Amino acid sequence: MSNLTEVETKDPISLEPFERPTRLLPCGHTLNHTSLASLILSNGDDPMLACPVCRKRSTTKPIEEYPRNYVLEQQIDCSSQNKQNAHEQKMKAKIQSTKDNKKQLSKTHGENSIQVVQCTRQLANIYTDMAEYDKAIQCYQEVISKVTTSNLGSAIVAPVYCAVGNIYERKGQYKKALQYLNDALKIQLKQYKSTDHVAVAAAYNTIAIIHCKQERHTVALQWYTKALNICKKNLEDTHPHVINTYNNIATVYYVQKKYTEAITLYNRAIACCEANKGTANSCIAASYNGIANVYAAQQNVSDALHYYKLSMKISLTIHGENHPDIANSYHNIASIHLINGNNNMAKEYYCKALHIKLDRLGSNHPDLTCTYESLADVYEKTGEKMRAIKTRIALTDLKKTLLGNKNPTLSTSYIKIAEAYKVEEDYNSALKYYNLAYSVQVNQNKPLHCLNKTLENINTCNKKLNTK
Ligand SMILES: [Zn+2]
């Protein structure tokens, strides 16, 4: 692409690439929605707005009244699709060449040789990066079975167990993850005769992540601190392991609402990343995302959005579009649109996030919960009642799978579904969900007034059905 076209495809205010939604000024110049929003804001009470490109003045309007430049938006979609295709081609070629290499090594060294084992491990690593978790586990299992039946490569057993543990953590299967990590630790202790080893720190780190995901933050912090102490003794401050641990600890501070500590640590991670250009890219994406989370929690939406986008830009170059990290970015950006009252944009981004999560993580992953919940809320706001109901049903089905039939949070979800059906005058469906809510409430020994309220609703539905 020539420099000229590159300049032309950038928003004239932010100098960032154009992105959805775009807004067309009467003079024919296009701005990103967010840029026009800040332009209108800084224009104060002035009834006339000057185009930042040609200075032509036009009457200031509410932002939604400026039409979108759909031709340009089509070009944006097309170019991101092209990028994604190129990324997928590149990864396919990488996998094919590794598989070819494995075949060749099998012929020259034998199927159970250490060369083939190493190559299979390489293949597993590529699948892990692509979030093809089941294929990665399959390859790692092959490595484990080959190594344990021979005396070859016993040194890689522990790291492979650790890698499988990492994948189960990403798949949201925490029990299985812990089993593999504990097995890895046992082997490592035998091997090194001490815990003072970087590989041990890596296992500690994932154990901490699992505790964190299950909201045991103090325990998580203890594991992280142990990991960090080992890393600092054995590695440079700019090593990705150290930076990762900074990021992870900062995340605990964030959920504990210790925002100043969190920001300080994220910035320290960023400084280390910048000192280690090239190898620490995914770490810096995580730091930006973390900083954005803090800003979002402090209602500083413009800075939050800025950092979310920075983070996503880096993740896109590493992983391409179809990756859980990108799904998280979409989810986060959607929540900023929601705070800004831009419900349609929020919906678009939550849908994108959900689509990727379902594709990469399957339908039973805990990370789906927050996206279903937010999406259902947005559908309610935009008046798409049936979509809201369907999304909430998907959410309760997931909660049942993850937390069991008697989980207390289910009754709230059931009641929300029942109420939505009641508004729609679908009393049969409303009745079904009030009854489900009632049985959960009875199980939890909810106070009588709660039970009575649900019973009252059940009676109302029955009456409505009888008079029909
Ligand atoms: Zn203009």
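Glu 215 counts as exposed, because only 9 C-beta neighbours fall inside 10 Å. This residue sits in the loop between helix 8 (198-213) and helix 9 (217-234). Its backbone has a further feature: phi is near 65 degrees, a positive value in a residue other than glycine. The model is a predicted one.

Now look at the two helices on either side of that loop. The axes of helix 8 and helix 9 come within 8 Å and cross at roughly 160 degrees. An angle over 145 degrees counts as roughly antiparallel, so helix 8 is roughly antiparallel to helix 9. Their crossing is left-handed. Which residues of helix 8 and helix 9 meet? From helix 8 come Val 198, Val 200, Ala 201, Tyr 204, Asn 205, Ile 207, Ala 208, His 211 and Cys 212. From helix 9 come His 217, Val 219, Ala 220, Trp 223, Tyr 224, Lys 226, Ala 227, Ile 230, Cys 231 and Asn 234. By class, the contact holds 14 nonpolar, 4 polar and 1 charged residues. An α-helix has 3.6 residues a turn, so residues three or four places apart point the same way. With that in mind, trace Tyr 204, Ala 208, His 211 and Cys 212, which are among the residues of helix 8 in this contact.

A second helix pair can be read in the same manner. The axes of helix 5 (residues 133-149) and helix 6 (residues 157-170) come within 10 Å, crossing at roughly 155 degrees. That angle makes helix 5 roughly antiparallel to helix 6. This crossing, too, is left-handed. On the helix 5 side, the contact uses Tyr 133, Ala 136, Ile 137, Tyr 140, Val 143, Ile 144, Val 147 and Thr 148. On the helix 6 side, Val 157, Val 160, Ala 163, Val 164, Ile 167 and Arg 170 take part. The contact of helix 5 with helix 6 divides into 12 nonpolar, 1 polar and 1 charged residues.

Next, step back to the whole chain. There are 20 helices and 4 strands. The C-alpha atoms fill a box of roughly 75 × 70 × 45 Å, taken along the principal axes. Of the 468 residues, 38% are buried. How many of the contacts with a separation of 6 or more come from residues 24 or more positions apart? The share is 50%.

Go now to the beginning of the chain, and the loop between helix 1 (3-8) and strand 1 (22-24). Pro 21 is found in this loop. The peptide bond leading from Arg 20 into Pro 21 is cis, with omega near -15 degrees. Leu 15 lies in the loop between helix 1 and strand 1 as well. Its phi is positive, about 60 degrees, although Leu 15 is not a glycine. Is Leu 15 buried or exposed? Leu 15 is exposed, because it has 9 other C-beta atoms within 10 Å, and 12 or fewer is the cut-off for that class.

Helix 10 (residues 240-255) offers a check on geometry. At 1.5 Å a residue, its 16 residues should span 22 Å. The end C-alpha atoms are 23 Å apart, which agrees. Helix 10 is mostly covered, with 14 of its 16 residues buried. After helix 10 comes Lys 257, whose phi is positive, near 65 degrees.

The last stop is helix 13 (residues 301-319), which holds Ser 315. With 23 C-beta neighbours inside 10 Å, Ser 315 counts as buried, since 20 or more are needed for that class. What does Ser 315 touch, leaving out residues up to four places away in sequence? The partners are Ala 285, Asp 325, Ile 326 and Ser 329. Ile 284 is 31 residues from Ser 315 along the chain, yet their C-alpha atoms are separated by 9.5 Å.

Asp 303 also has its place in helix 13. This residue counts as partly exposed, because it has 14 C-beta neighbours inside 10 Å. The C-alpha atoms of Asp 303 and Ile 291 are separated by 9.0 Å, with their positions 12 residues apart along the chain counted as the distance apart.

Note on methods
Residues are numbered from 1 along each chain as its sequence is written. This is a predicted model: local features need pLDDT of at least 70, side-chain atom pairs count only at pLDDT 80 or more; totals for chains, interfaces and linings use all residues. Axes are lines fitted to C-alpha atoms, for helices over the stretch in contact, and angles run from 0 to 180 degrees between N-to-C directions. Angles under 35 degrees count as roughly parallel, over 145 as roughly antiparallel, 65 to 115 as roughly perpendicular and the rest as oblique. A crossing is left-handed if the near helix is turned anticlockwise from the far one by less than a right angle, and right-handed if clockwise. Two residues are in contact if their C-beta atoms, placed from the backbone, lie within 7 Å. Ala, Val, Leu, Ile, Met, Phe, Trp, Tyr, Cys and Pro count as nonpolar, Asp, Glu, Lys and Arg as charged, and the others, Gly among them, as polar. The expected span of a helix is 1.5 Å times one less than its number of residues.
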